[in-house]
Structure formats: structure tokens, C-alpha cells
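Welcome, and please open your viewer. We will go from stop to stop, selecting a piece at a time and saying what is there.

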Amino acid sequence: KAQAVFGTTIDGVVSNQPNAYRLDNPGIDSSFEWQVDPSGYSPLIKAIQIWAGMPESEQDGRIGPKTISAIQRKLGCAIVDGYFSAKSPAIMSFQTWLNNAA
């Protein structure tokens with residue numbers, strides 16, 4: 001759904017994400033392509049970084065703590081900690097936003 005809303009290629013995969021962030025973010029589902037040493041970036045994550053108002057110098061297409069914090073701020077979450085927990089309010093808010101944007 002996010003790929004359709006943000007106008008990126010619709011393949012159901014969030015590509016080229018650093019494996020280092022996987023364990024810290026149990027709320028991120030299996031659609032993420034985790035790699036030890038990613039060679040590229042995700043166009044979807046870059047589009048989300050732009051939407052979340054991150055500075056251009058930080059728009060790297062990777063879902064790190066800065067990106068997660070920016071998403072949490074954009075959504076007005078009470079907790080801005082740079083992590084997506086297993087039952088993350090930010091993920092639920094983002095899904096609601098996506099449903100309304102479509």
C-alpha cells in the first residue's frame with residue numbers, strides 16, 4: 001500500500017535495508033529486505049523521508065533511527081525514540097494515514 005501511495009515501484013519489498021536495524025525494530029514486518037552490506041537504497045524509504053521532512057542530506061533511503069524519529073514526529077506520536085516496537089503506535093498511525101491517503 002505504501003508503495004502505491006508514495007508512487008514508487010510496487011513490488012511489495014522495501015529493498016536494501018541495513019541488517020543492523022532489524023533487531024532494534026521488531027515492528028517492521030517481513031516485507032523488508034535486510035542485508036548485511038546493502039548496495040543501494042529503497043525508493044520508498046527515500047520518498048517517506050521526503051514526506052517526513054528530513055533534510056536532503058539525510059535522505060539516504062534507509063530506515064534508521066533518524067528516519068523513524070522523523071516519521072514519529074510527522075505523525076505526532078507521543079514518543080519519538082527512533083524505534084518501531086512490536087506494537088508501535090507510530091506504525092499503527094502510519095497505516096491509518098496510508099489508508100486515508102489512498
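How many bridges join β1 to strand β2, and do these strands run parallel or antiparallel? Select residues 14-18 for β1 and residues 32-35 for β2: 3 bridges join them, and the two strands run parallel. Please keep in mind on this tour that the model is predicted.

**Stop 1: the whole protein**

Zoom out and colour by secondary structure. The protein has 4 helices and 2 strands, and reading along the sequence gives the pattern α-β-β-α-α-α. Its radius of gyration is 13 Å, close to the 13 Å that the globule rule gives for 102 residues, so the protein is as compact as a globular protein of that length. Along the principal axes, the C-alpha trace spans about 35 × 30 × 25 Å.

Now switch on a surface. About 6,000 Å² of the protein is accessible, and 51% of that belongs to carbon and sulfur atoms. Of the 102 residues, 41% are buried. If you show the charges, you can look for 8 positive and 9 negative ones, whose mean positions lie 6 Å apart.

**Stop 2: the two strands**

Go back to β1 and hide the surface. Is this strand enclosed or open? In β1, 5 of the 5 residues are buried, so the strand is largely enclosed by the rest of the structure.

Next, show side chains and pick out the partners across the pair. Val14 stands opposite Phe32 in β2, while Gln17 has Trp34 as its bridge partner.

Stay with β2 and turn it around. Which residues form its covered face, and which its uncovered one? Phe32 and Trp34 make up the covered face, whereas Glu33 and Gln35 make up the uncovered one. There is a general pattern behind this kind of view: in a regular strand, side chains alternate between the two faces of the sheet.

**Stop 3: helix α3**

Select residues 65-74, which form helix α3. Its buried residues are Thr67, Ile68, Ser69, Ala70, Ile71 and Gln72. What covers them? Add residues 43-51 (α2) and 89-101 (α4) to your selection, since the cover of these buried residues includes both helices.

Within α3, click on Ser69. Its relative accessibility is 12%, so Ser69 counts as buried. Leaving aside residues up to four places away in sequence, Ser69 touches Val80, Asp81 and Gly82. Try a distance label too: from Ser69 to Ile79 the C-alpha atoms are 9.0 Å apart, with the two positions 10 residues apart in sequence numbering.

Before leaving, step just past the end of α3 to Gly76, which takes a positive phi of about 70°.

**Stop 4: a loop residue**

Finally, select Gly7, in the loop between α1 (2-6) and β1. Is Gly7 buried or exposed? At 67% relative accessibility, Gly7 counts as exposed. Draw one more distance label, to Gln49: the two C-alpha atoms are separated by 14 Å, although the residues are 42 apart along the chain.

**Last look**

Zoom out again and show contacts with a sequence separation of 6 or more. Of these, 42% are between residues 24 or more positions apart.

Methods: Residues are numbered from 1 along each chain as its sequence is written. This is a predicted model: local features need pLDDT of at least 70, side-chain atom pairs count only at pLDDT 80 or more; totals for chains, interfaces and linings use all residues. Side-chain values use heavy atoms; hydrogens and water are left out. The radius of gyration is taken over C-alpha atoms; the globule rule is 2.2 Å times the number of residues to the power 0.38. Buried means under 20% relative accessible area, exposed over 50%, partly exposed in between (1.4 Å probe, protein chains only). Contact means heavy atoms within 4.5 Å. Accessible areas come from the Shrake-Rupley method with a 1.4 Å probe; for residues, only the protein chains shown count as cover. Lys and Arg count as positive and Asp and Glu as negative; His and the chain ends are not counted. The place of a charge is taken as NZ of Lys, CZ of Arg, CG of Asp or CD of Glu. Two strands pair if DSSP finds at least two bridges between them.
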